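Student: Could we go through some words used for protein structures, and ask each time what earns the name?

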Amino acid sequence: MPATTGGPALAAVVVLAAGQGTRMRSSTPKVLHPLGGRSLLGHVLAAAEPLNAGATVVVVGSGRDVVEQHLADIAPAALPVVQHEQNGSGHAAAVALAAVPDLEGDVLLVNGDAPLLRVATVAALVDAHRAAGNVLTVLTAEVDDPTGLGRIVRDDDGAVLAIVEERDATDAQRAIREINAGVYVGDAAALRRSLASLGADNDQGEQYVTDVLGLLVAEGAPVGGVLAEDADDVLGCNDQRELAARRRTLNDRVLDDLMRDGVTVVDPQTTWVDVTASVAADAVLQPGTQLLGRTSVGAGATVGPDTTLVDTEVGAGASVVRSHCLGAAIGPAATVGPFSYLRPGTRLSRAAKVGAFVETKNVEVGEDSKVPHLSYVGDATIGRGANIGAATVFVNYDGVAKHRTTIGDHVRIGSDTMLVAPVTVGDGAYTAAGSVITSDVPPGAMAVARAPQRNVAGWVRRRRSGTPAAQAAEAAERRAEAPDGGPSDAPRADTDK
Ligand code: UD1
Ligand code: CA
C-alpha cells in the first residue's frame, strides 16, 4: 500500500523527543515507555516509516543515552540529534533542521509522544498539504476535552490563523475544541526561516514550534489545518493515566482488527495483544491472555485462559492453557499446560505434549512425545513417541557448564529419573523409575540405576514401639500368624487406586 497518493517522498521525518516528560514522574524517559509492543517513540516512527522519507531525525535530550541506545536498536538508520537544553518544541525543531542543512522539500515534524498515530492519518495529512500547495499544514482534531492542548484559531472563512497554547489562550480561545495534534508537514526552507525568528514571549518562556504557523500566516504564506478522521489518533501521552488510556485504546484497535479477521476473543477486557503479534482466523483467545512481541498463533489454536506468550509461535490447532512461554515454538496440534513454563529454545513438534508443572529450556521434543508432569527438561533432544515420566529431571548443569541429553524414539523414561548430562538414551530404551542415569543406555535396554531395596524386618516394632505405626504392624503380624489369616482388629480401608 503506498502511503500517499503521489508526489515525491518526504525529505525528512523529524521526531521531537527531547522533552523531560516530567508529568510521567518516572526515571524512564517518556518516549521509551512501552505500550502494545513498542515504545512511544517506536509507534511514532512506525507511523511515519511507510512515507519513505529521505532522512529520519530524532531530537534527543532528556535521558538521551538510553534514548539513543533504543533508537539504535529499533531504527539504526535514524539520526539522533542532541538538544542540550530543553528550550521548547520550536527550539527542538530548529536544532533538528540545523543537523541536516542541505535538506530541501517537505518535512514531517511530529511529537514523540503520539503513539496512536496511524500511517493513514499521516499520509492523509501529507496528501492534503500537497493538494493545497501549502508551505505548512497542521494535523488537528475535534475533541470533547481540549484541556492542556494547543487550540486551532481560524478566521470566519475557516482559514487557520494561529495555534495558541492553553496557558496563553483567552477565554474565548479556550472554548475552541479543535486542537493541535503536534504533527506538522512543512517546507524545510520556510520552517528554517520561521524557526529562526521564534520568540519565547509566552507563559513558559520557551520557543514553541506552534508559533511557526502564525509567523507564516503573517508572511502571507499558504498554511492549512487537516482534521484527523479519528480523534484518538492524535492523543498525546503526558502522564501515567494517559499512558494507560492510550494502551487500552491501542489494544482495542488490535483486538477489533483480529475479530474482524475471524479470531474469537472471549474477553477483550483481559486480552492484550501487541501490534507486533499475529493471530490466524479461528484461533480462540481465552480470558487473561497476553500475546507479546513477535508471537504468532495459528489457525484453530486455543490460547488461555491466563497465559502469557512472548515471542512464541503456536501452530495450528495447538492448545496452550494457563502457561508462560518465552521464545518457544509450539508445533501444530501440540498441547501445553496447564501450568507449564516454556523458556527460550523450546521446540515442540506436531502433537507433542508438555503438561502440568513442567519447565523446559533449549529442548526439542519430537512428534507425539510427552512430558506430562512435574519435570525439568533443559538442553535436550527428545525423539518421537517418547514418554518422560513424572518428576524426571534433565540434570544439565554441573555448576560450571551446561550439557546435552539425547533421548531416542519411543523411549520410556521412568518416573523420577535423573538424567545426568551428557547422556544418551537409545531408541526404544527404558529407564526404571527412580534411576540416576549417568551413562548412556543402548537402544532397547532397560537401565536400572538405583540401590536395590533392603527391608529391615521388625524395625518399627523395635525402634518406634508404641506408635500407631508399630501397633498397625503388630496387628498385621498377628493376622499373618493366625492359621486362617485371623479376624481383623479394625476394618481395612480399600487401597486407593
Ligand atoms: C504540544 C503542543 C500543543 C499540542 C500538543 C499535542 C507545543 C508548544 N505545544 O504540547 O499545541 O496540542 O503538543 O500533544 O509544541 N520537546 C522537545 N524539546 C523541548 C520541548 C519539547 O523535544 O525543549 C518535544 C517533547 O519531547 C514532545 C514535543 O516536543 O514530544 C511536545 O512537547 P510537550 O511538552 O509534550 O508539549 P505539549 O504541552 O504536550
Ligand atoms: Ca505532549
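The talk below takes up a metal site and then the enclosed spaces.

Tutor: This is a predicted model, in which local features need pLDDT of at least 70 and side-chain atom pairs count only at pLDDT 80 or more, while totals for chains, interfaces and linings use all residues. Residues are numbered from 1 along each chain as its sequence is written.

Student: What makes D113 and N238 protein donors of the calcium ion (ligand 2)?

Tutor: Donors are N, O and S atoms within 2.8 Å of the metal, or 3.2 Å for Na, K and Ca. D113 (OD) and N238 (OD1) lie 2.4 to 2.8 Å from the calcium ion, so they count as donors. D113 belongs to the loop between strand 6 (106–111) and helix 4 (119–132), and N238 to the loop between strand 11 (223–227) and helix 8 (240–260), 125 residues apart. Helices (H or I, at least four residues) and strands (E, at least two) are DSSP runs, numbered from the N terminus.

Student: Why is D113 called buried?

Tutor: Buried means under 20% relative accessible area, with a 1.4 Å probe and protein chains only. D113 has 12%, and is therefore buried; N238, at 17%, is buried too.

Student: What makes the lining of the largest cavity count as 8 nonpolar, 1 polar and no charged?

Tutor: A cavity is a set of points on a 1 Å grid over the protein atoms alone where a 1.4 Å probe fits but cannot get out, and lining residues have an atom within 4 Å of a point. The lining of the largest cavity includes L109, Y184 and T210. Leu and Tyr count as nonpolar, whereas Thr, being in neither the nonpolar nor the charged list, counts as polar.

Conventions
Chains lettered and ligands numbered in written order. Heavy atoms only, no water. 1 Å grid on protein atoms, 1.4 Å probe; cavity = no way out; pocket = protein on both sides within 12 Å on 5 of 7 lines; lining within 4 Å. Buried < 20%, exposed > 50% of the residue type's maximum accessible area, 1.4 Å probe, protein only.
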